[in-house]
Amino acid sequence: MSQPSINGSAETQYLTVNLAHEEYGIDILAVREIRGWTPVTRIPQSPHYVLGVLNLRGAIVPVIDLRLRFGLSREEYNATTVTVIITVAGRQFGVVVDAVSDVLDVADDAMRPVPDMGTTVDTEYLKGLTSIGDRMVLLLDADKLLQPQDAQMLEAALNAAGDVKAVA
Amino acid sequence: MSTINVAQFHKVFFEESLEGLDAMEAALLALDEGGDAELVHSIFRAAHSIKGGAATFGFPEMAAFTHEAESLLDQVRDGRRAIDKPIVELMLRTVDCLRGMFDRAEAGQPLADAGSESLKLQLAAAVGREIPAAATKAATKSAAPGGWIIQFRPHAGMLAGGNDPLRLMRELAALGQLVVEAQLDRVPALDALDPSECHLGWRIELTGAVSREAIAAVFEWVEDECDLSIEPRVAAAPPPAPVVEAVAAPTGAGGAAGASRHAASSNDAGSVRVGIDKIDSLIDLVGELVITQAMLDQFREAFDPSRLSLLQEGLAQLARHTRTLQESVMGIRMLPIGSVFNRFPRLVRDLSQKLGKHVKLDMVGEHTELDKTVLEKIGDPLVHLVRNAIDHGLETPEKRRAAGKNEVGTLRLEAFHRGGSIVVEIVDDGAGLNREAIIAKALQKGLIKSGEGITDEAVGDLIFQPGFSTAAVTTDLSGRGVGMDVVRRNVVDLGGNVAIKSRAGAGTTFTITLPLTLAIIDGLSAAVGDECYIVPLVSIVESIQLPADAVRSVTGGGELFRFRGEYLPIVRLHQQFGCASARQNIEDGLLIVVEADGGQVGLFVDGLIGQQQAVVKSLEANYRRVDGISGATILADGSVALIVDVAGLIRMQSRRKAA
């Protein structure tokens, strides 16, 4: 939620997380909780970045690895690796990141569009960027991380593969 | 002084009244069979309560309407009037009309419509009292000399039920001369148009000496799916203004009522009436659980090994109580299947009259309980099977006589428990499946290559194929070929299956097997690599270990093994689900032979871990559907295990085979 700050412009709070030496912000109102990394149950026929599902107090919640989502490799899961549980449009999912670092207040007019600068992350998943002192924070668009169209595209691809196999 | 808001009691009033209407209907049908005076009393009481309630809760139209019905019943009760078929018929229509009124009341729409007004006039006429209205005479007479004006407004979803308005028109045309006027006011703009829905309405003028009943009979199967009014047409002068208003206003509102009713029902969380004995036993169980917990609590302070046996006993008690508590809680959702069976006496009566067949309906095991969710979804498939049985299965009295059978056909509905499932059988003593016709049709449709050597089971299976129907003439009852495959799919979706057994000349038996509940399943947990999958116990036939040489490879990469004289395909779960580090050699692992939809396959897993109850959780709630997986569950250690969708795997296997 945006609140008017002292200087009059609206602000949004972001939880910042570390990922491959870069800092990303997630709208704090979408964050439900932060848990230490625990192994999950793999789901067959899922994109590689969907690690699996975990039991969140009785609900089955998918977990995606943000590194894999952005095409990076994951070396190891260690003591600082955390799963951030996010709720978007009534659906919950977990996002695995290297570490959580901070909560930032970002004035809405301090958010700049993302230049197409060849970052590791596809700009499609970013809302914008902001700088705090000499740090640059990329603000994530949580809605787009576990997109339904991903699942549909995957299904279509699988079906197509199945048809090809059937023909062969 | 505080005022009481009566609206808060409406829901209870509606529920109780609908139950009262069900009771009325059941009693009327029993009367039709020749019942005693006590039945009349019970009908009277139900009508009286509805009338009283309607007046109290601010539904004067309903009270006035019920009053007429009550007056008629009063005469019957006092012996001033004998109960006969027309009266039963009239009262049954009254029950239907009241149901409609309750629907409209729930949706907050005006209660009275043209249908209820004309029925009220008929009731009053039957009582013998004059009603001061211009249309009375015409309405009370069965055949209006001037003909009829029919307002027919199908609901948007009517076509989905396979009902074709054109066919209705054709039937009407057979009754007399028609002037049809289409009403296009509800047709949406092209971009908002759903072609599978019906947006048209019709105003039909029917000339000829036709009885109202004959017209009503045409619309009998769509009456729940449309707004319908049948009004006498006054031939000489233009129809008097009140009649026109009565016709026009409710039809417009009727569409809105239909729409808002849908909205209301989807928002309705639903409620379950629970017997007080079930609640009492729950309270007892929770009491027991508290005692056990207190007993186990002692060990927290000090524990010495000498009391180990006590601890074990306490834990065993805890396990027992938890299990009984679980069963009792599930029991709250369990309702007797009678609530579904209740609709059949009426259905069978109407249907057999329409078709000129004599049918005796036997219902056994109405008290068998099953989960509310299953119960709600099994109604439509059952209705379909019952309609089919009467329409196709049972023969006409002449044919039955010729075949040396009792003229009265028997239709039996039976529900009972078998193992962890509930079985519903629909048995008729009709002609049985027409083997030749089915084979001919299947050949024509290209479903089979030749009719040679086809087993009876295979013939039975054919009728479950999509688009399959042998009925020479498509009737409005059945025979559209959209039925049986939908029945099977509905049942399979509920985790059950349908089997058919038929003997020529002796009848047909449909057996539906359903799980008691969808929320908890018994399953075997199987290891595949370092993962664990749950296979539902109901679908497991046997687990076997095969020597390597028992497997036959076929071209295309499939594998088969011999099981009880048949070759079954092997599905390697590690391949299917892409698990690494699983056992590759058939002799190292285990084959779980599973069955669903009448097909069998062997699932190859590393080994079995154990048997357990699994609370089924949805994967779709937060993720999406995954092929071969029906859901997930939580294991004792808090981790998640996936539940294998046996029917889905078998379907995938047979698709692969077909391809």
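**Figure 1. Where chain A meets chain B.** In this predicted model, 18 residues of chain A are in contact with 22 residues of chain B. On the chain A side, β5 (50-56), β6 (59-65), β8 (91-97) and α2 (148-167) each bring at least two residues to the surface that touches chain B. Which element gives the largest share? That would be β6(A), with four residues. Sorted by character, the chain A residues that touch chain B come out as eleven nonpolar, five polar and two charged. As for overall scores, the model gets an ipTM of 0.78 and a pTM of 0.51.

**Figure 2. The largest nonpolar core.** This core takes in 72 residues. Those with the most contacts inside it are Ile26(A), Val53(A), Val63(A) and Val84(A) from chain A, along with Tyr533(B), Val535(B) and Leu603(B) from chain B. Strand β22 (residues 640-644) of chain B hands over the largest share of the core, five residues. Apart from this core there is another one, made of 39 residues, including Phe341(B), Ile422(B), Ile500(B) and Ile512(B).

**Figure 3. Zooming in on Val84(A).** What does Val84(A) touch once its neighbours within four places in sequence are left aside? The list runs to Val17(A), Ile26(A), Val31(A), Ile34(A), Gly94(A), Val95(A), Val97(A) and Val100(A). One of these, Ile26(A), is also named with Val84(A) among the residues with the most contacts inside the 72-residue core.

**Figure 4. Strand β13(B) and the strands beside it.** Is strand β13 (residues 531-536) of chain B mostly buried or exposed? Five of its six residues are buried, so the rest of the structure largely encloses this strand. On one pairing, strand β12 (residues 520-528) of chain B runs antiparallel to β13(B), and six bridges join them. Here Ala526(B) sits opposite Tyr533(B), a residue we already met in the largest core. β12(B) and β13(B) make a hairpin with two residues between them, and Gly529(B) in the turn has a positive phi of about 60 degrees. In the other pairing, β13(B) runs parallel to β22(B), with two bridges joining them. Look for Ile534(B) facing its opposite number, Ile643(B) in β22(B).

**Figure 5. Helix α13(B) and the glycine after it.** How does the span of helix α13 (residues 344-355) of chain B compare with what its residue count suggests? At 1.5 Å a residue, its twelve residues should span 16 Å, and the end C-alpha atoms are indeed 16 Å apart, so the two agree. Right after α13(B) comes Gly356(B), with a positive phi near 65 degrees.

**Figure 6. Two loop residues with positive phi.** Ala20(A) has a phi near 50 degrees, which is positive even though the residue is not glycine. You'll find Ala20(A) in the loop between β2 (10-19) and β3 (22-27) of chain A. With 16 other C-beta atoms within 10 Å, Ala20(A) counts as partly exposed. Over in chain B, Arg564(B) also has a positive phi near 50 degrees, again in a residue other than glycine. Arg564(B) belongs to the loop between β16 (559-563) and β17 (566-572) of chain B. It is exposed, with 9 other C-beta atoms within 10 Å.

**Figure 7. Arg552(B) at the surface.** Strand β15 (residues 551-553) of chain B is the place to look for Arg552(B). Why does Arg552(B) count as exposed? Because it has 12 other C-beta atoms within 10 Å, and a residue is exposed at 12 or fewer. Its C-alpha atom and that of Tyr567(B) are separated by 9.1 Å, although the two residues are 15 apart along the chain.

**Figure 8. Chain B, and how far to trust it.** Chain B holds 20 helices and 22 strands. Of its 659 residues, 32% count as buried. Among its contacts between residues at least 6 apart in sequence, 69% join residues at least 24 apart. The average pLDDT of chain B is 78, and 86% of the residues score at least 70. Where is confidence lowest and where is it highest? Helix α9 (residues 241-267) is at the bottom with a mean of 38, while β22(B) tops the chain at 92. Throughout residues 235-268 of chain B the pLDDT is below 50, and this stretch has 41 contacts in the model beyond near neighbours in sequence. Residues 472-482 of chain B also stay under 50, with 23 contacts beyond four places in sequence.

Methods. Residues are numbered from 1 along each chain as its sequence is written. Chains are lettered from A and ligands numbered from 1 in the order in which they are written. This is a predicted model: local features need pLDDT of at least 70, side-chain atom pairs count only at pLDDT 80 or more; totals for chains, interfaces and linings use all residues. A nonpolar core is a set of buried Ala, Val, Leu, Ile, Met, Phe, Trp, Tyr and Cys residues joined through C-beta atoms within 7 Å. A residue is buried if 20 or more other C-beta atoms lie within 10 Å of its own, exposed if 12 or fewer, and partly exposed in between; C-beta atoms are placed from the backbone. Two residues are in contact if their C-beta atoms, placed from the backbone, lie within 7 Å. pLDDT is the predictor's confidence in each residue, from 0 to 100. The expected span of a helix is 1.5 Å times one less than its number of residues. Ala, Val, Leu, Ile, Met, Phe, Trp, Tyr, Cys and Pro count as nonpolar, Asp, Glu, Lys and Arg as charged, and the others, Gly among them, as polar. Two strands pair if DSSP finds at least two bridges between them.
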